[in-house]
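Work through the following exercises with the structure in view. Try each task before reading its solution.

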Amino acid sequence: MTADINVNWGINGEPVATTPTTWEVAGKYILKLVNTQNSALSNIRLTAALHTHGVPVPHILKAIDGRDFIVAEEGCYLLMEKLAGVHIKDVFKQDYAAIAYETGIIAAKIHSALMTVTNKRTDLTFFNEELQGWVSSGLSDSILLTKEEWSGPIEALCCIYPRLPKQQIHRDLHYGNLLFEGTTLTGVLDFDLGKQDARLFDIAYFLLGQLSGQKDLMAIKDKWLIFISQFLDGYETIIVLEEEEKNALPLMMQCIELLFVVFWQQQENQETAQETVGIYKFIGICQALNQSPEV
């Protein structure tokens with residue numbers, strides 16, 4: 001059951017589902033359901049920060065009574081203006097090098113804006129703590145990888161994690177959350193998972209996203225490595241990464257995949273868990289061939 005648009009926002013229109021948690025209203029608005037009030041507040045706080053720095057984000061409409069969101073039994077509803085633009089798909093069938101470079105610039109602009117955001121919550125868990133906690137526990141119970149296969153990257157990344165630069169990050173950065181008209185960015189979406197953590201997480205997560213759904217990873221390996229190089233070149237026109245971050249990029253990628261191995265197994269989605277293991281091993285192959293992503 002969705003929030004009543006007319007009662008709460010004074011807008012006429014029947015919500016039409018576009019995803020399980022978003023609805024389009026009257027062709028002009030997007031109604032979004034998030035799980036918790038913290039997620040709703042994260043959307044509001046990060047959207048405001050990015051808007052201040054000129055990054056295109058949806059304008060969140062206040063309810064008639066002045067509330068920023070409506071609390072319901074199933075979660076919290078936000079109503080925002082619908083932005084123009086489309087999602088980039090099948091990037092390797094396009095001018096992927098040019099797209100990667102421009103997207104690197106966009107990612108750095110997002111990070112520059114998010115640097116101004118502070119989070120006063122004291123219950124935050126950094127990624128290395130997740131790795132040493134529920135991720136390692138889940139991998140220990142898994143039959144998809146032996147401890148010898150998964151423990152090395154976690155130990156190596158956790159060893160250097162305290163030295164990696166931390167700031168507010170998006171934590172769900174992928175082309176599905178970016179809108180474009182041609183090569184122009186028209187929207188950055190979905191800040192439910194935003195938190196303070198290593199900025200390298202966003203970079204690694206985004207680059208890994210280009211492997212999702214690929215049936216033959218080795219067939220697109222060279223293109224992916226070029227994509228990484230161009231993305232980092234674009235990013236560093238605005239923010240120069242520390243050498244330790246560049247060296248840690250393959251480890252961060254592997255550890256993110258390990259997190260998703262456990263996540264998909266918890267969801268009882270064995271097929272996707274297997275695919276995730278394939279990506280994890282692919283990254284290791286790239287390193288073994290001296291073609292690691294930081295090159």
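A residue counts as buried under 20% relative accessible area, as exposed over 50% and as partly exposed in between, with a 1.4 Å probe and protein chains only. The structure is a predicted model, in which local features need pLDDT of at least 70 and side-chain atom pairs count only at pLDDT 80 or more, while totals for chains, interfaces and linings use all residues. Residues are numbered from 1 along each chain as its sequence is written, and side-chain values use heavy atoms, with hydrogens and water left out.

**Exercise 1.** Decide whether cysteine 158 is buried or exposed, and find what cysteine 158 touches.

*Solution.* Begin with the location: cysteine 158 belongs to helix α5, residues 147-160, where helices are DSSP runs (H or I, at least four residues) and strands likewise (E, at least two), numbered from the N terminus. Next, take the accessibility: cysteine 158 has a relative accessible area of 10%, so it is buried. Finally, look for contacts, meaning heavy atoms within 4.5 Å: leaving aside residues up to four places away in sequence, cysteine 158 touches Asn128, Leu131 and Gln132.

**Exercise 2.** Describe how α5 is placed against α8, and state which residues meet.

*Solution.* Axes are lines fitted to C-alpha atoms, for helices over the stretch in contact, and angles run from 0 to 180 degrees between N-to-C directions. The axes of α5 and α8 come within 9 Å and cross at roughly 135 degrees. This makes α5 oblique to α8, because angles under 35 degrees count as roughly parallel, over 145 as roughly antiparallel, 65 to 115 as roughly perpendicular and the rest as oblique. On the α5 side the contact is made by Trp150, Pro153, Ile154, Ala156, Leu157 and Ile160, which meet Glu244, Ala248, Leu251, Met252, Gln254, Cys255 and Leu258 of α8. Sorted by class, this contact of α5 with α8 holds eleven nonpolar, one polar and one charged residues, where Ala, Val, Leu, Ile, Met, Phe, Trp, Tyr, Cys and Pro count as nonpolar, Asp, Glu, Lys and Arg as charged, and the others, Gly among them, as polar.

**Exercise 3.** Repeat the analysis for α8 and α9, then place threonine 276 in the picture.

*Solution.* Helix α8 (residues 243-266) and helix α9 (residues 270-288) have axes that come within 8 Å and cross at roughly 165 degrees. That angle makes α8 roughly antiparallel to α9. By class, the contact of α8 with α9 has eleven nonpolar, seven polar and one charged residues. Threonine 276 sits in helix α9 and, at 5% relative accessibility, counts as buried. Apart from residues up to four places away in sequence, threonine 276 touches Glu257, Phe260, Val261 and Trp264.

**Exercise 4.** Work out how many disulfides there are, and examine cysteine 286.

*Solution.* A disulfide is taken to be a pair of cysteine sulfur atoms within 2.5 Å, and by this rule the count is zero. Cysteine 286 is in no disulfide, since its nearest cysteine sulfur, that of cysteine 255, is 16 Å away. Cysteine 286 is buried, with a relative accessible area of 0%.

**Exercise 5.** Compare the settings of aspartate 190 and glutamate 268.

*Solution.* Most residues other than glycine have a negative phi. Aspartate 190, however, has a positive phi near 60 degrees; it lies in the loop between β9 (184-188) and β10 (195-198) and is partly exposed at 27% relative accessibility. Glutamate 268 also has a positive phi, of about 60 degrees, but it is found in the loop between α8 and α9 and counts as exposed at 72% relative accessibility.
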